[in-house]
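User: Please go through this model with me, from the overall fold to the contact between chains and one sheet.

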Protein chains: 2
Amino acid sequence: MADNKKSDIEQQLEQYRKEHEKLKLLFDVTRNISRELVLDRLLMLIMDQVKSVLNCERCTVFVLDREKDELWSRVAHGEKEIRFPSHLGIAGHVVTTGEVLNIPDAYADPRFNPEIDKKTGYHTRNILTAPMRNKLGEIIGVFQTLNKIGTAFNRDDEELLNAISIIAAVQIENAQLYEEQKKTFESFIETLASTIDARDPLTAGHSKRIALYADEIARVVNLDDSERAVLRTAALLHDYGKIAIREAILTKDGRLTDEEFKHIQRHPMFTRSILKKINFSRELRSVPEIAASHHEKLDGSGYPNGLREAQIPKLGKILAVVDVFDALTSKRHYRDRMAFEKVIGILAEGTGTQFDEFFVAAFKKIPLDRLVLVLEEENAERLDTGDLTLLSKYNTSDILRLPGSEERTPQQEELRRTFDRYYTRKYNGVEAAGSRTAGSRAAEGRAVEGG
Amino acid sequence: MADNKKSDIEQQLEQYRKEHEKLKLLFDVTRNISRELVLDRLLMLIMDQVKSVLNCERCTVFVLDREKDELWSRVAHGEKEIRFPSHLGIAGHVVTTGEVLNIPDAYADPRFNPEIDKKTGYHTRNILTAPMRNKLGEIIGVFQTLNKIGTAFNRDDEELLNAISIIAAVQIENAQLYEEQKKTFESFIETLASTIDARDPLTAGHSKRIALYADEIARVVNLDDSERAVLRTAALLHDYGKIAIREAILTKDGRLTDEEFKHIQRHPMFTRSILKKINFSRELRSVPEIAASHHEKLDGSGYPNGLREAQIPKLGKILAVVDVFDALTSKRHYRDRMAFEKVIGILAEGTGTQFDEFFVAAFKKIPLDRLVLVLEEENAERLDTGDLTLLSKYNTSDILRLPGSEERTPQQEELRRTFDRYYTRKYNGVEAAGSRTAGSRAAEGRAVEGG
């Protein structure tokens, strides 16, 4: 009887040990994933956790996109996402039926599609797939785990995966909410920027382009994500103050009077005072100051505050460079663009007095494919992939360093010809959108200046 | 020896049982709180969970506001928050030192401030207070639990509270992030709305006010939170399309030509096409349609689409009512407001052809204190609390039902006088802001019409 009791207790102990182990795993998974609100990173994290907890080779989370009736997934370490109709394959089966599917021998199961293994060279032995449900019981995705190490998936694995999927669903929905909110905010800012630009046909697309150029400089000088977010937002909104500038002056044909010019010069001040009213998140708190400083110059001759050198915020200095570059390469888009060397010459001339040397240099290091993608942003779908690959190996400094056309190697000649074709908008045999919106406005007399 | 072994196992079992119990509690708490991203609700939830897990009478979470160096907390079931400097009291002590404080006898401890008990009538016996740290180890708040039931807090409680505080910190930071983002978005929309309104001095504050009026109707007819969010956003942005209207026409003195009037009438269409570009979250997806329908009329004579009756979105019908009410009570604010009866008369006249009867009736049910708070939104701090309490007991229908001044009871007379004083902006002896921005513009010839 003592023996019976002992073995009872030992059984109970074993039971507790197992339960405890499982609960501890679950608790750790929960704690780890609850830290992540950025959807992409969250999905990666969940897949990693499940792989290690279930001791298997692969784990994929497929998220259900109800609007498109598709399942999508981020491939580990891959940049692209996989998408397919939500009724296809084993994942589709699980979404449709809501059943857990434990397939001990993939190649013996008719629902398994061996084509994917053929393509990837991977060998699938066994599969465990479970639906992921939110708190309302709705299926919001699927967990798919492959190749349990050393054996097949058992009932314990099914239970564990089920428990994890409940926790994961909560956090995935939180991250989706967060992401949705972020997207709304960003598209909102973009829409505003384009609305403002649209008030003056000469500046259409200006704010978007300078946000893109600025981000290229940010990449060259290695700014961190949060500075890039500030720079991008400030770039998109830098001209918002123009909403307070009288339209008659903003769109005036011919030379502006001094008074009119002074009125226009108030726009960065309006930008600041409007943006100051916005309750920006901690990360974006400096946006109003940065946005308002795009017309400051190193020598103190800029506006609105006549700041000098170190007084001008770093990100504002980036805006100053790209703002003028875009003004010079886009405002006059009803006729040929000013020669590229001349544009860069104007930047060079202002370096040290108007522009910060460091950021002018960084601008010249932007790979030419990226530069052309922004320059010809409105014709993006007409750019040739081969040409872009060629251009990606060079930057503006390389263009400036080219010898005269007589002395160029065939490679150098090809680089120059390719770049010029896009810069002058004479690619694809047809004239591109920019030059088609021709004529109409004679803004010749107007000071060449960014927005 | 067998006995020794048995007792070893039993001890181990006991240990497991205890650990298991604790882990299960933690897991449940984690799972429960991970569902909530709305900060207020999250804090309530955490406090409830801790109270039940620690078996004590009260639990308060104090959140550290680093910018103001204050601790704040939401009182259970209370509407207001408590705030105090972050170094004060026992919570302040814990924030400053980072120590866990377990006080078995509050009144014997010099750090305990008995004044609070005196004020609230509560009797504090014992206190357990622990710092809440985020993943970087920074203190982001404090947990304070009071009166362990039947005994004092022990080491197990300390450990449990510590473990919970780690989990809670993660989710509180997630919720703060979410909230911050939401606040940014909302203040952004408000800023835009006021920017648009500011282009035409006659409409200053219009969008904000109609958002407030619309929300009052929403309250009367019991719309749910998500409809109210749509209504509010659509109200704030309904005139955004005016950005595409030529300023010269928008601010023209004197009567508009037919052509000019037609141009202005395009603004709801512009509102829609601009807002359509925004990637609104699922909840706000209908904002562009609602915002664009504020000039539709039940009989089909409205614009931009000449929709009829059921074709007009419900929330658009609310906007139509409040848009006209605000136009009639504010546009001419440089002189006396149109008599209230006349304004309501115009709404009544249009009921059934222009306005939906249900929402006109709802408008008349808005308590008068709320109505006055919106009417005199720019003078909010000058409204008398006693007057507002009086007005809160009546609505527009009550005003319309009053007998002629000869036959009124003293109460009826007081109601009328009080309401009129605010409606005509002759309160506090001084003329209020609205009437001080007087004169200047002769927009007499302009059609009376909302924005």
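The questions and answers below take these topics in turn.

This is a predicted model, in which local features need pLDDT of at least 70 and side-chain atom pairs count only at pLDDT 80 or more, while totals for chains, interfaces and linings use all residues. Residues are numbered from 1 along each chain as its sequence is written, and chains are lettered from A and ligands numbered from 1 in the order in which they are written.

User: What is the radius of gyration of chain A, and why is chain A described as more spread out than a compact globule?

Analyst: Chain A comes to 19 helices and six strands, where helices (H or I, at least four residues) and strands (E, at least two) are DSSP runs numbered from the N terminus. The globule rule, 2.2 Å times the number of residues to the power 0.38, gives 22 Å for 451 residues. Chain A is well over that, so it is more spread out than a compact globule; its radius of gyration, taken over C-alpha atoms, is 29 Å.

User: Which symmetry relation links chain B to chain A?

Analyst: Least-squares superposition uses the C-alpha atoms of residues with pLDDT of at least 70 in both copies. A rotation of 180 degrees with 0.1 Å of shift along its axis places chain B on chain A, at an RMSD of 0.1 Å. That is therefore the relation of a two-fold axis.

User: Which helix gives the largest share of the side of chain B that touches chain A?

Analyst: Counting residues as in contact if their C-beta atoms, placed from the backbone, lie within 7 Å, the contact takes 48 residues from chain B and 48 residues from chain A. On the chain B side, α1 (2-33), α5 (155-199) and α8 (247-250) each supply at least two residues. The largest share, 17 residues, comes from α5(B).

User: How many residues of strand β6 of chain B are buried?

Analyst: A residue is buried if 20 or more other C-beta atoms, placed from the backbone, lie within 10 Å of its own. Strand β6 covers residues 139-148 of chain B and is mostly covered. Of its ten residues, the number buried is eight.

User: Which residue stands opposite B:G141 in β6(B)?

Analyst: Strands pair if DSSP finds at least two bridges between them. Strand β5 (residues 127-133) of chain B pairs with β6(B) in the antiparallel sense over seven bridges. The two form a hairpin with five residues between them, and B:G137 in the turn has a positive phi of about 85 degrees. Opposite B:G141 stands B:M132.

Definitions and conventions:
Two residues are in contact if their C-beta atoms, placed from the backbone, lie within 7 Å. A residue is buried if 20 or more other C-beta atoms lie within 10 Å of its own, exposed if 12 or fewer, and partly exposed in between; C-beta atoms are placed from the backbone.
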